[in-house]
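Me: Please take a close look at a single part of this model for me, and build the picture up step by step. I am in my first year, so explain each term when you use it.

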Amino acid sequence: MTSVSKFLVMLFVLVQGFAASVVVHASDDLLQYVNESTQELVTKLNEERGLYSSDPEAFYRSMDDTLQDFVDFRRIAARVMGRYARQTTPEQRDAFVEKFKRSLFDSYAQALVESQDFTIEVKEALVNPDNDTRASVQMEVISASGNRYPVSYSMYRKDGSDDWRMENVIVEGINIGLAFRDRFAQEMESSGGDIQAVIDGWSGAVEGLDADDEAEGQ
């Protein structure tokens with residue numbers, strides 16, 4: 001995975017975490033809501049990016065505290081495990097959620113905090129007309145040099161709730177959820193079906209995903 005893709009993945013995990021902290025009412029304009037929340041998040045990141053260099057653990061705790069109620073890491077991690085989730089114990093599922101979450105921060109945070117100036121344009125935010133518990137958001141990140149990178153993410157809300165949570169991200173056409181699920185399946189095959197070994201070695205699996213993507217881009 002390229003450094004640009006790493007930056008975009010981490011950015012939009014954080015954008016959705018910040019945006020979801022605001023309750024969206026049915027009468028609100030979803031596009032305006034997402035745009036205002038996104039711009040506020042960018043300002044916040046620019047103000048606090050120095051924390052990663054001075055105290056990485058504090059940065060991780062701060063981001064974890066911000067996101068834990070808004071990004072459904074448990075839902076995302078279960079999808080990454082796919083059919084293998086049925087083979088795990090509750091303790092193993094808990095362990096993988098923590099491994100998966102930490103691997104995202106460890107792999108992508110540096111790309112975020114070391115990025116140059118950028119802007120974000122929210123192009124479209126739509127609630128699914130056939131299912132009002134699902135929505136999609138289309139954005140573009142514009143780099144300091146003027147390059148544009150398309151990003152979209154999927155949001156869901158539980159029935160009877162007004163709180164939206166992120167459940168997947170697509171960066172430059174790459175479905176991040178599917179990419180990690182494919183990686184988990186490959187690791188299961190390589191380990192001979194030892195799911196505990198896959199969980200224990202997950203951070204290395206993420207690094208392998210990065211290496212594969214970078215090789216494909218050469």
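Reply: Gln-186 counts as partly exposed because its relative accessible area is 40%, where buried means under 20%, exposed means over 50% and partly exposed lies in between, with a 1.4 Å probe and protein chains only. The model is a predicted one, in which local features need pLDDT of at least 70 and side-chain atom pairs count only at pLDDT 80 or more, while totals for chains, interfaces and linings use all residues. Residues are numbered from 1 along each chain as its sequence is written, and side-chain values use heavy atoms, with hydrogens and water left out.

Gln-186 belongs to helix α7, where helices are DSSP runs of H or I with at least four residues, strands are runs of E with at least two, and both are numbered from the N terminus. Although Gln-186 and Val-198 are 12 residues apart in sequence, their C-alpha atoms are 9.6 Å apart in space.

The helix that holds Gln-186 also meets another one: the axes of α5 (residues 73-81) and α7 (residues 176-190) come within 7 Å and cross at roughly 50°. Such axes are lines fitted to C-alpha atoms, for helices over the stretch in contact, and the angles run from 0 to 180 degrees between N-to-C directions. This crossing makes α5 oblique to α7, since angles under 35 degrees count as roughly parallel, over 145 as roughly antiparallel, 65 to 115 as roughly perpendicular and the rest as oblique. On the α5 side, the contact (heavy atoms within 4.5 Å) is made by Arg-79, Val-80 and Met-81, and on the α7 side by Gly-177, Phe-180, Arg-181 and Phe-184. Sorted by type, the residues of this contact are four nonpolar, one polar and two charged; here Ala, Val, Leu, Ile, Met, Phe, Trp, Tyr, Cys and Pro count as nonpolar, Asp, Glu, Lys and Arg as charged, and the others, Gly among them, as polar.

From the helices we can turn to the sheet, an open one whose five strands follow the order β1-β2-β3-β4-β5 with antiparallel pairing, two strands being called paired if DSSP finds at least two bridges between them. Because β1 and β5 (174-175) stand at the edges with a single partner strand each, one side of each has no neighbour in the sheet. Helix α5 packs on this sheet, where it touches β2, β3 and β4, and its direction makes about 50° with that of β4.

Going through the sheet pair by pair, β1 (residues 118-127) and β2 are joined antiparallel by nine bridges, with Phe-118 partnered by Ser-143 in β2, and a hairpin of six residues leads from β1 to β2. Nine bridges also link the antiparallel strands β2 (residues 134-143) and β3 (residues 148-156); here Gln-138 stands opposite Ser-152 and Glu-140 stands opposite Pro-150. In their hairpin, which has four residues between the strands, Gly-146 takes a positive phi near 95°. Six bridges then pair β3 with β4 (residues 165-171), again antiparallel, and Val-151 faces Val-171 of β4 there.

For the wider setting, the protein chain has nine helices and five strands, and 44% of its 218 residues are buried. Among the contacts in the chain with a separation of 6 or more, 60% come from residues 24 or more positions apart.
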